[in-house]
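Grab the model and work through a few exercises on strands, turns and surface. Each task comes with a worked solution.

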Amino acid sequence: MNPEHELFEVYMSPDDRERDVTVLFSGQGRPHPNHRIGPSVHDYFLLHTVFEGKGMYTWEGQGYPCRAGDTFVIFPNGLFMYEADSRHPWHYAWVALRGPGVLRQLAEVGITPDKPVVGSGEPEQLRKLYARLRSSFRRTDHPQLESLEAVGWMTLLFHQFGVANREHLPRSAAKEPAIIDRQVEQAIRWFQLQYSQQIGIEELSRNLGYHRAHLFNAFKARTGLSPKQYLTKIRIDKAKELLAGPLTIDQIASSVGFNDALYFSRQFKKSTGMSPSEYRSGGGRG
């Protein structure tokens with residue numbers, strides 16, 4: 001037992017390989033009243049989330065009172081200090097991170113050196129995620145798997161920080177697209193990822209939560225094509241790529257969502273002016 005804490009535990013990652021985001025160690029503590037760390041600097045990121053009680057975090061000379069649900073972040077090479085309250089000392093968990101992706105991940109959820117504290121999180125949900133993260137390091141048979149698991153739990157923690165920090169999330173400089181644009185973008189993404197499947201426009205509309213006629217009109221206004229025409233274009237474009245490889249015409253047809261190779265050939269010729277075999281022989285790739 002750490003003499004300065006009623007509760008203190010820490011688990012180190014057994015994997016020393018550097019990743020885009022590397023979890024170095026994680027722990028939890030319930031320090032005594034007025035327990036203080038710093039003024040100090042670290043060469044890694046250190047995040048603390050408060051579950052109970054309260055305290056004061058000081059970062060680069062600025063004080064931030066923190067209580068249950070708050071998360072404060074220490075950035076590398078910055079001067080910090082934190083101290084437990086004299087009457088209601090905090091219980092918190094911490095995680096240390098390193099890697100080129102950490103700063104980016106923090107910025108994506110609105111945490112920067114100018115805004116190093118996230119408030120109003122869900123303490124119990126955060127407590128569970130930290131516990132699962134620490135448990136990642138209690139097995140040592142496969143360190144690389146432990147490290148991957150820890151990064152997975154850390155990703156969920158980042159998500160929770162972002163949910164708690166919605167008001168300060170960075171926004172694109174461009175104007176947010178209108179609702180209709182977002183609807184069409186969803187449909188386009190669906191086509192781009194599911195073109196090999198048998199996609200019915202009625203089914204697509206239902207899955208996206210839109211009326212078929214509404215989706216058709218919005219899609220045509222945005223792209224100049226009907227949903228069916230757009231899907232066919234994606235399939236033909238992908239078929240052109242595959243024709244450069246060793247697959248047969250039947251295999252290519254199946255790969256891009258056509259159950260009937262003859263129908264595929266007719267659609268391909270209608271679109272390109274030549275059959276798949278003629279295109280493959282060099283007629284369309286000169």
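**Exercise 1: a hairpin and its neighbour**

Work out how S5 and S6 pair, and over how many bridges.

Step 1. S5 and S6 run antiparallel and share six bridges; strands here are DSSP E runs of at least two residues, numbered from the N terminus (helices are H or I runs of at least four), and two strands pair if DSSP finds at least two bridges between them. A word on the source: this is a predicted model, where local features need pLDDT of at least 70, side-chain atom pairs count only at pLDDT 80 or more, and totals for chains, interfaces and linings use all residues. Residues are numbered from 1 along each chain as its sequence is written, and side-chain values use heavy atoms, with hydrogens and water left out.

Step 2. Look across the pair: Met 56 sits opposite Pro 65 in S6.

Step 3. Now the turn. Two residues separate S5 and S6 in this hairpin, and Glu 60, in the loop between S5 (54–59) and S6 (62–67), has a positive phi of about 50° although it isn't a glycine.

Step 4. S5 also pairs with S8, antiparallel over five bridges, with Tyr 57 partnered by Tyr 82 in S8.

**Exercise 2: odd backbone spots**

Find which peptide bond is cis, and where Asn 77 lies.

Step 1. The cis bond runs from Gly 38 to Pro 39, with omega near 5°. Pro 39 belongs to strand S3 (residues 36–40).

Step 2. Asn 77 is in the loop between S7 (71–74) and S8 (80–84). Its phi is positive too, near 65°.

Step 3. Asn 77 counts as exposed because its relative accessible area is 61%; the cut-offs are under 20% for buried, over 50% for exposed and partly exposed in between (1.4 Å probe, protein chains only).

**Exercise 3: the open sheet**

Trace the strand order of the open sheet and say which strands are at its edges.

Step 1. Six strands pair antiparallel in the order S1-S2-S9-S4-S7-S10. The edges are S1 and S10 (117–118), each pairing on one side only.

Step 2. Go inside the sheet: seven bridges join S4 (residues 45–52) to S9 (residues 91–98), and Val 50 faces Tyr 92 in S9.

Step 3. Back to S1 (residues 5–12), which holds Met 12. At 52% relative accessibility, Met 12 is exposed.
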